[in-house]
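I opened this entry to record what I looked up, going from the whole chain down to single residues.

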Amino acid sequence: MSVLSDKNLRGYPMKPYDMVREGLIVFGVMLTIILVLAAVWGFPGKNYGPLTIKEVATKAPVAFLKRTVSYFSGTSRLQTYGPPYTHNDNHAQHIGPFCPNCWVGVIYPLNAKVDFVMQPLQQIAALDPNVATALNTYQNASAKQQTEWNNAYTSALNKAQVTHGRVVLPAGDYGPVPVLMNGMLTFARTGLLEAALTFNTNPNMAPYETNYTRPLLYLGGPIMNTVAGHFDEKGGEWGMSHIAGPYPGAWWLWPYTFLYQIPAIGNSPNGDLIAFLIFLVMLLVAVLLPVIPGLNRIPYVIPVYKIIWRDWYAKYPSGIPTDPSRERK
């Protein structure tokens, strides 16, 4: 320390600081907390591993078919979300003129009908002549006819029965759609659909592609909500991180996912943007706390520092010594 700085700091409370010791104390406290929480609740995924398309198709075939036909018919929320997936700015999340997605644009182009359903069906058709025939019939039909088949099939799923793993629909005119959807269901149950979605992202990288965005998006929305509700994870996607398990779920996401439990946010079509902005404001407040008038007075209102420096204030109850020549101890 220079003579000048040593002189300037005289009279101010100073004490030795052992960084290694403090680091070990923090590590020990955190380790103890983690072990206690793990003993009480356990890891969220210990009873239930990562959720896969194969598992959904096997255990909840109707839910899988509803999700799949929503992509097939172009009615899923993902297809009307706007940027960063599609070029439909009218459906982009915004607050007044504030629309960050519109500014960024489409950075992950996605045609859900083609990427999630039609491409896999082409692969299935190469192996199954029935699917090939049905696909050809569907593609040669008019747009109006396709819509009628899709709507009829979607409505019928609400009355479907599962018998020995087979999804049985009430009688109706669904065209070739049941054959196509059953082909997707069988493909998913083998575990090949998830692989197809992954490798179709970048065929040149197969089988080394590690971008699992498409399988994750495929399972989003109603399926994730159903799984979260099944495990009593307190809300639509409370604590969900592609892992399901006992309460409290993925607790490390609480500061963010908690916001979705507020009806005004969770039910809003702009909920993602609202939650992001609130979380951003909370983060900025925490970072800029020392320079925000009023809030930077909190340490003086709640003087925790006096507990930390209790030996100093025991010696100097009035605070900093008035004699600047006093040597620090």
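Before noting any surface figure, I wrote down that accessible areas here come from the Shrake-Rupley method with a 1.4 Å probe. On that basis I found an accessible surface of about 20100 Å² for the chain, with 64% of that area belonging to carbon and sulfur atoms. I keep in mind throughout that this is a predicted model.

I next looked up the overall make-up, and the chain contains 18 helices and two strands, while buried residues account for 33% of its 329 residues. Taking contacts between residues at least 6 apart in sequence, I noted that 56% join residues at least 24 apart.

Turning to the interior, I found that the largest nonpolar core holds 49 residues, and that Phe64, Phe116, Leu121 and Met181 have the most contacts inside it. I then followed Phe116, which, leaving aside neighbours within four places in sequence, is in contact with residues including Tyr71, Leu78, Met184, Arg214 and Tyr218.

Met184 led me to helix 9, where Met184 is buried, as are Val177, Leu180, Met181 and Phe187, among others. I checked the length of helix 9 (residues 177-189): its 13 residues should span 18 Å at 1.5 Å a residue, and because its end C-alpha atoms are 18 Å apart, the two agree. After helix 9 comes Gly191, with a positive phi near 90°.

Is Leu192, in helix 10 (residues 192-201), buried or exposed? I recorded Leu192 as partly exposed, because its relative accessibility is 45%, and the cut-off for exposed is over 50%. Lastly, I noted that the C-alpha atoms of Leu192 and Ile124 are separated by 10.0 Å, with their positions 68 residues apart along the chain counted as the separation.

Methods: Residues numbered from 1 in each chain as written. Predicted model: local features only at pLDDT ≥ 70, side-chain atom pairs only at ≥ 80, totals over all residues. Heavy atoms only, no water. Helix = DSSP H or I, 4+ residues; strand = E, 2+ residues; numbered from the N terminus. Buried < 20%, exposed > 50% of the residue type's maximum accessible area, 1.4 Å probe, protein only. Contact = heavy atoms within 4.5 Å. Core = buried A, V, L, I, M, F, W, Y, C linked by side-chain atoms within 4.5 Å. Expected span 1.5 Å × (residues − 1).
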